[in-house]
Amino acid sequence: MWFLAGCTGVFYLLFIVPTKWLKVERVDVPLGIDKKILHLSDIHIERNRISSEKIRDILKREKPDYVFITGDFTARESYIPRLEAYLTAFREHGMPVYAVFGNHDYRTFLLSLLLREWLEEKGVHVLINESIELEDFSLIGLDFYREDEFGVEKAFSNVSSKKPGIVLCHDPNDLAEVDKPFDLMLSGHLHGKQFNIPLFFKFISKGELAKRGIYKGFHEVEGRYLYISKGIGQAHWNLRFGVRSEMTIVNLRKKG
């Protein structure tokens, strides 16, 4: 009995606690803009233990100018309404929310259609291979589903060359596909491994960046900044090991 209780306790400590113990990461990116972004990724609302109250506390404390979400809201149509608590928190603070879709959001084509319609009704601007000109920068949304080989071209077709460019995408490996100028890419998808096991990405293929050890955090790759979120929800199993759930405060600091 005591042995079973001990094993259960160890399992909870190692695999459940990291899914509930939200970490707020911070990164300064010298884009010359006095703006603050709250970046979150991989909500996976059907496998998520981060309450909307924690989100409210962060919003109240940080007061970001924008909220950017880089995909994987849910893989199930029936779970879409569970996102409401998060979106209510954003609306209460009057923060504009921009998002792109990830691979799980396209589990079925019907799911993607319903999810996009529902999110936009709630005030979320979903960018499907398109851009929008904000006050201080161009925001480019690179959808996980490209539609055709011209997806990148479409996304950048109306981008201003006079402002810094920020790309939202789900998979950081998209960096290799983008031959257009931009300054910062925000992404997720890799969950910081989710299970922090040595050589994890040597056996599970998640693209060239992961093979090179670039699977979380802030990087400069070929003169462009890249941030990879560890996400706040879990894929496949509602467990993590050695990797906490994450939200990120991105400060677009003025240079110098």
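Strands S1 and S12 (residues 246-251) pair in the parallel sense, over six bridges. Within this pairing, Val24 has Met247 of S12 as its bridge partner. The model described here is predicted. The two strands belong to an open sheet of six, ordered S1-S12-S2-S3-S4-S5. Pairing across the sheet is mixed. The edges are taken by S1 (23-28) and S5 (124-126). Each edge strand has a single partner strand, so one of its sides is left without a neighbour in the sheet. From one strand to the next, the twist averages 25 degrees.

Helix H2 lies across part of this sheet. The strands it crosses are S1, S2, S3 (66-70) and S12. Relative to S1, H2 runs at about 35 degrees.

Charged side chains were examined next. Side chains of opposite charge can pair when their charged atoms come close. In this model, the count comes to 18 salt bridges. One of them joins Glu62 to Lys36, with N to O at 3.3 Å. This pair links distant parts of the chain, the two residues being 26 apart. Glu62 belongs to helix H2 (residues 52-62), whereas Lys36 belongs to strand S2 (residues 36-40). Glu62 has a relative accessible area of 9%. This value is under 20%, so Glu62 counts as buried.

A second salt bridge connects Arg91 with Glu84. Their closest N and O atoms are 2.6 Å apart. Both partners are partly exposed, Arg91 at 40% relative accessibility and Glu84 at 22%. The value for Glu84 lies between the 20% and 50% limits, and Glu84 is therefore not classed as buried.

A third salt bridge is formed by the side chains of Glu208 and Lys211, at 3.7 Å from N to O. The two residues lie in helix H7 (residues 208-211). They are three residues apart, about one turn of the helix. Lys211 is partly exposed, its relative accessible area being 43%. Elsewhere, Lys23, Glu25, Lys230 and Glu246 are joined into one network by salt bridges that share partners.

Backbone geometry was considered as well. Most residues other than glycine have a negative phi. Asp72 has a positive phi, near 60 degrees. This residue sits in the loop between S3 and helix H3 (84-92). Asp72 is buried, with 1% relative accessibility. His191 also has a positive phi, near 60 degrees. The loop that holds His191 runs between strand S9 (184-187) and helix H6 (200-203). His191 is buried too, at 4% relative accessibility.

On the surface, Val10, Leu13 and Leu14 form a nonpolar patch. Together these residues have about 260 Å² of accessible area. Leu14 is part of helix H1 (residues 2-20). The relative accessible area of Leu14 is 35%, and Leu14 thus counts as partly exposed. A patch residue must have over 30% relative accessible area, so Leu14 at 35% meets that cut-off.

How values were computed. Residues numbered from 1 in each chain as written. Predicted model: local features only at pLDDT ≥ 70, side-chain atom pairs only at ≥ 80, totals over all residues. Heavy atoms only, no water. Salt bridge = Lys/Arg side-chain N within 4 Å of Asp/Glu carboxyl O. Helix = DSSP H or I, 4+ residues; strand = E, 2+ residues; numbered from the N terminus. Buried < 20%, exposed > 50% of the residue type's maximum accessible area, 1.4 Å probe, protein only. Pairing = 2+ DSSP bridges. Axes fitted to C-alpha atoms, helices over the stretch in contact; angles between N-to-C directions. Contact = heavy atoms within 4.5 Å. Patch = residues over 30% accessible without salt bridge, like charges linked within 9 Å, V, L, I, M, F, W, Y side chains within 5 Å. Areas by Shrake-Rupley, 256 points an atom, 1.4 Å probe, with all protein chains shown as cover.
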